[in-house]
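Take a moment to look over the sequence and the structure side by side before reading on. The paragraphs below go through the charged pairs, the cysteines, the helices and the surface patches in turn.

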Amino acid sequence: MDRRTWLEALAEESAELSQAAIKLIRAEGRNMNPTSVSATAAYQNLLEEIADVIICCCFLDLPFGSKHFQSLAMKKYRRVEERMNGQG
């Protein structure tokens with residue numbers, strides 16, 4: 001597949017990952033909109049969608065191991081950590 005096709009696949013799989021996360025929230029009873037899907041099945045689906053996103057990223061040759069990517073990821077991680085600790 002060409003780059004455009006992989007980017008389209010990444011967008012689609014990312015949307016499916018978003019829906020899987022919402023479904024797990026519902027399956028765990030964490031909102032007022034229940035679902036017939038079990039929490040176990042919803043969790044498994046979430047893992048599958050994460051795998052699909054990672055696969056697309058790999059075929060796009062995204063530089064996860066690069067120093068630049070690692071630096072960006074660490075900055076974002078620290079920002080989230082600060083927010084969780086009430087510092088941001």
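Is Arg 30 buried or exposed? In this model, which is predicted rather than determined by experiment, Arg 30 has a relative accessibility of 61% and therefore counts as exposed. You will find Arg 30 in the loop between H1 and H2, and its C-alpha lies 16 Å from that of Ala 41, a residue 11 positions away in the sequence. The side chain of Arg 30 also has a charged partner, since it forms a salt bridge with Glu 28 in which the closest N and O atoms are 2.6 Å apart. That partner, Glu 28, has a relative accessibility of 39%, so it counts as partly exposed.

The count of salt bridges in the model comes to 2, and it is worth looking at the other pair with the same care. Here Glu 8 is joined to Arg 4, with 2.8 Å between the closest N and O atoms. Because Glu 8 and Arg 4 are 4 residues apart in helix H1, which covers residues 3-27, about one helical turn separates them. Within this pair, Glu 8 is partly exposed at 41% relative accessibility, while Arg 4 is exposed, with a relative accessible area of 60%.

Staying with helix H1, you can now turn from these charged side chains to Ala 20, which lies in that helix. How much of Ala 20 is accessible, and is it buried or exposed? Its relative accessibility is 2%, so Ala 20 counts as buried. Residues that are well separated along the chain can be compared with Ala 20 by their C-alpha positions. Glu 48, for instance, is 28 residues from Ala 20 in sequence, and the two C-alpha atoms are 9.2 Å apart in space. For Gln 44, which is 24 residues from Ala 20 along the chain, the separation between the C-alpha atoms is 9.3 Å. Gln 44 has its place in helix H2, and with a relative accessibility of 41% it counts as partly exposed.

Helix H2, made up of residues 39-59, also contains Leu 47, and this residue leads to a feature of the surface. Which residues make the nonpolar surface patch of about 340 Å²? The patch is made by Tyr 43, Leu 47, Ile 50 and Ile 54. One of these, Leu 47, has a relative accessibility of 35% and counts as partly exposed.

The cysteines raise a question of bonding. A disulfide is a covalent bond between the sulfur atoms of two cysteines. How many disulfides does the model have? The count comes to 0, and the distance between two neighbouring positions, Cys 56 and Cys 57, helps to explain this, because the sulfur of Cys 56 is 6.9 Å from that of Cys 57, its closest cysteine sulfur, which is too far for a bond. The cut-off used for a disulfide is a pair of cysteine sulfur atoms within 2.5 Å. Seen from the other side, Cys 57 is likewise in no disulfide, the nearest cysteine sulfur being that of Cys 56 at 6.9 Å. As for accessibility, Cys 56 is buried, with a relative accessible area of 4%, and Cys 57 counts as buried at 11%.

Following the chain onward, you come to Asp 61, whose place is in the loop between H2 and H3. Its backbone deserves a careful look, for the phi angle of Asp 61 is near 55°, a positive value in a residue other than glycine. With a relative accessibility of 66%, Asp 61 counts as exposed.

The last stop is helix H3, which covers residues 67-84 and includes Lys 76. Which residues gather in a patch of positive charge on the surface? They are Lys 75, Lys 76, Arg 79 and Arg 83. As you return to the structure, you might set this patch of positive charge beside the nonpolar patch that includes Leu 47, and then trace the two salt bridges, Glu 8 with Arg 4 and Arg 30 with Glu 28.

Definitions and conventions:
Residues numbered from 1 in each chain as written. Predicted model: local features only at pLDDT ≥ 70, side-chain atom pairs only at ≥ 80, totals over all residues. Heavy atoms only, no water. Salt bridge = Lys/Arg side-chain N within 4 Å of Asp/Glu carboxyl O. Helix = DSSP H or I, 4+ residues; strand = E, 2+ residues; numbered from the N terminus. Buried < 20%, exposed > 50% of the residue type's maximum accessible area, 1.4 Å probe, protein only. Patch = residues over 30% accessible without salt bridge, like charges linked within 9 Å, V, L, I, M, F, W, Y side chains within 5 Å. Areas by Shrake-Rupley, 256 points an atom, 1.4 Å probe, with all protein chains shown as cover. Lys, Arg positive; Asp, Glu negative; His and termini not counted. Charge placed at Lys NZ, Arg CZ, Asp CG, Glu CD.
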